[in-house]
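Please report on the strands and the surface of this protein. Keep the cut-offs explicit.

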Amino acid sequence: MKGQLKQASQLQVYLDQLHGPGAATDILGNTTADEDGAFEIALPATPAAGVYRLRIGARKVPIVLDGTESSVKIGGDLDGLQRYDYSVTGSGSSVSFQNL
């Protein structure tokens with residue numbers, strides 16, 4: 001999982017696995033974005049099919065995976081995240097969710 005977001009310089013980035021409403025989440029990885037807002041979270045294995053959340057500072061991005069993704073990239077502007085105004089490549093399910 002990697003990406004670059006304008007206005008995300010030096011912010012903490014987390015990837016959480018969601019388990020349903022009211023259920024606890026699992027943090028799968030985290031990193032700090034560099035001065036250009038670029039980040040990469042290395043995962044030990046390909047995540048299973050499911051719903052995930054990328055947290056950048058106080059912003060959140062839903063990520064839907066079908067379990068076959070080898071590389072997912074997020075791009076855009078930190079302020080656009082709450083309006084689903086960002087790009088996703090490598091996850092057709094996330095793109096479909098974003099376009100609902």
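The report below covers the basis, the sheet, a strand pair and a surface patch.

## Basis

This is a predicted model: local features need pLDDT of at least 70, side-chain atom pairs count only at pLDDT 80 or more, and totals for chains, interfaces and linings use all residues. Residues are numbered from 1 along each chain as its sequence is written, and side-chain values use heavy atoms, without hydrogens or water.

## Four-stranded sheet

Four strands form an open sheet in the order β3-β2-β5-β6. Pairing is antiparallel. Strands are DSSP runs (E, at least two residues), numbered from the N terminus. Two strands pair if DSSP finds at least two bridges between them.

The edges are β3 (26-32) and β6 (59-65), each paired on one side only. From one strand to the next, the twist averages 20° (axes are lines fitted to C-alpha atoms; angles run from 0 to 180 degrees between N-to-C directions).

Seven bridges link β5 (residues 50-56) to β6. Leu-54 has Val-61 in β6 as its bridge partner.

## The β7-β8 pair

Strand β7 (residues 73-77) pairs with β8 in the antiparallel sense, over four bridges. Gly-75 is bridged to Ser-87 in β8.

In a regular strand, side chains alternate between the two faces of the sheet. Strand β8 (residues 86-89) shows alternation. Tyr-86 and Val-88 point to one face and are buried (under 20% relative accessible area, 1.4 Å probe, protein chains only). Ser-87 and Thr-89 point to the other face and are not buried.

## Surface patch

Tyr-84 lies in the loop between β7 and β8. Its relative accessibility is 41%, so Tyr-84 counts as partly exposed (between 20% and 50%).

Tyr-84, Phe-97 and Leu-100 form a nonpolar surface patch, with about 350 Å² of accessible area together (Shrake-Rupley method, 1.4 Å probe). Patch residues have over 30% relative accessible area and no salt bridge, with nonpolar side chains joined within 5 Å. A salt bridge is a side-chain nitrogen of Lys or Arg within 4 Å of a carboxyl oxygen of Asp or Glu.

Key:
Patches are made of residues with over 30% relative accessible area and no salt bridge: like charges are joined within 9 Å, nonpolar side chains (Val, Leu, Ile, Met, Phe, Trp, Tyr) within 5 Å.
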